[in-house]
Structure formats: structure tokens, C-alpha cells
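User: I am new to this structure and would like to understand the terms used to describe it. Please show how each label follows from its definition.

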Amino acid sequence: MPREIITVQVGQCGNQIGMEFWKQVCAEHGISPEGVLEEWATDGTDRKDVFFYQADDEHYIPRAVLLDLEPRVINSITNPKESQYSNLFNPENIWMSKHGGGAGNIWASGYTREKGYTRRYLILSTVRRTVLIAWRGSFCATRLPVVQVLAWVATF
């Protein structure tokens, strides 16, 4: 039975560490920065479906949600000029603040500036959608690591 792992990358450090994690996972499983399976990795002995789901066009897409109030780090991940992994992530699994600027490491500031009490539903719906994709059919998501410097509490 497959065991899916979904990463939730939060904030600047969470997204930077998460990107390094995905670079390493891609290298270990033979997936190119574009999400295409390398020729040497087609023997089928490892479980790529633990970390990735396969899109209709045969690309492998990470089971990841990227969240940040300040768009600089996520833009550097998704910008083709800055990152060779720019097409790896599903754009529907990325949430950035429309206002930018971040919270300056002050949780209350980010919560009130971004109207966190209403935005949390948008963020959690992104996480829920990713989990539901993993649970579709016979899938069974067993791990939901949250990559962040400080603890992040979410109510599901």
C-alpha cells in the first residue's frame, strides 16, 4: 500500500529548506528539474508516488504546498530565470500574499495585516485539496510534515 508524504512549506526558511529537500528527492528518484523521469530511473524499483503524483502529461509533480506572506522566495523558486525547478510545482498549490511585504517575523502583524482570520480558509483549502488528491482512490496520506522555523498551528 502506498504511503504519500505531503510537505507544507511555510515562510522564507520553510520554502528555502523545502526547495533543497525537493532538489534532493528529485535527484534520488531520477526526476529532472522539469518533472520528467530520467531514462536511468525507469526500472520501477523505487516508489516515486510517495513524494510525487503523476500528471496527465507524464510529469511528476511534488506533493507540496508552498505558503508565504512575502513573495520573494516563492518567486525565486517559480521564476525560470532564477531556478531550473521553476516548472516542478503545481501553481494551484502555491499561496502568496497579494500585498507582499511579509510580517517581519511578527506573527500578530502578519495575522492582522493579511486578515488571517479570513485568509486561513484560503490557505487551509489549498492544503485540504492537496491531501484529498493524495487520498483519492487507494491512496493513504500518512505524513504531513510542516517545514517552518517556528511552530505553525492549523485546525483542520
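Analyst: Let us begin with exposure: a residue is buried under 20% relative accessible area, exposed over 50%, and partly exposed in between (1.4 Å probe, protein chains only). With 47%, E20 is therefore partly exposed. This is a predicted model, in which local features need pLDDT of at least 70, side-chain atom pairs count only at pLDDT 80 or more, and totals for chains, interfaces and linings use all residues. Residues are numbered from 1 along each chain as its sequence is written, and side-chain values use heavy atoms, with hydrogens and water left out.

User: What makes K23 and E20 a salt bridge?

Analyst: The term requires a side-chain nitrogen of Lys or Arg within 4 Å of a carboxyl oxygen of Asp or Glu. The closest N and O atoms of K23 and E20 are 3.3 Å apart, so the pair meets the definition. Both residues belong to helix α1 (residues 11-29), where a spacing of three residues separates them by about one helical turn. K23, at 30% relative accessible area, is partly exposed.

User: How many salt bridges does a search of the whole structure find?

Analyst: The search finds two. Besides the pair in helix α1, E70 forms a salt bridge with R72, with the closest N and O atoms 3.6 Å apart. E70 has a relative accessible area of 22%, and is therefore partly exposed.

User: How do you know what counts as a helix or a strand?

Analyst: Helices (H or I, at least four residues) and strands (E, at least two) are DSSP runs, numbered from the N terminus. By this rule the chain has four helices and eight strands. Along the sequence their pattern is β-β-α-β-β-β-α-β-α-α-β-β.

User: Why is the pair of F21 and W22 called edge-to-face?

Analyst: A pair of aromatic rings is described by the distance of the centres and the angle of the planes. Rings of Phe, Tyr and Trp (its six-membered ring) pair if their centres lie within 6.5 Å; planes under 30 degrees apart count as stacked, over 60 as edge-to-face and the rest as tilted. A search of the whole structure finds six aromatic pairs. For F21 and W22, the centres are 5.2 Å apart and the planes at 75°, so both conditions for an edge-to-face pair are met. W22 also pairs with F52: at 5.4 Å between centres and 65° between planes, this pair is likewise edge-to-face. W22 lies in helix α1 and F52 in strand β3 (residues 52-54), so the pair ties together parts 30 residues apart in sequence. Ring pairs link F21, W22, F51, F52, Y60 and F89 into a cluster.

User: Which of F21 and W22 is buried, and which is partly exposed?

Analyst: W22, at 0% relative accessibility, is buried, whereas F21, at 33%, is partly exposed. F52 is buried as well, with 1%.

User: What makes a group of residues a nonpolar core?

Analyst: The members are buried Ala, Val, Leu, Ile, Met, Phe, Trp, Tyr and Cys residues joined through side-chain atoms within 4.5 Å. The largest such core has 17 residues, and W22, C26 and F52 are among those with the most contacts inside it. Helix α1 gives the most to this core, with four residues. In soluble globular proteins, nonpolar side chains tend to be buried together.

User: What does C26 contact, leaving aside neighbours within four places in sequence?

Analyst: Contact means heavy atoms within 4.5 Å. On that basis C26 is in contact with I31, F52, Y85 and L88.

User: What is notable about E58?

Analyst: E58 has a phi near 70°, a positive value in a residue other than glycine. E58 is found in the loop between β3 and β4. Its relative accessible area of 52% makes E58 exposed.

User: How do you know where confidence is lowest and highest?

Analyst: pLDDT is the predictor's confidence in each residue, from 0 to 100. The mean for the chain is 76, and 70% of the residues reach 70 or more. Confidence is lowest in strand β8 (residues 146-147), with a mean of 51, and highest in strand β4 (residues 60-62), at 91. Over residues 147-156 the pLDDT is below 50. Where pLDDT is low, the predicted coordinates should not be read in detail.
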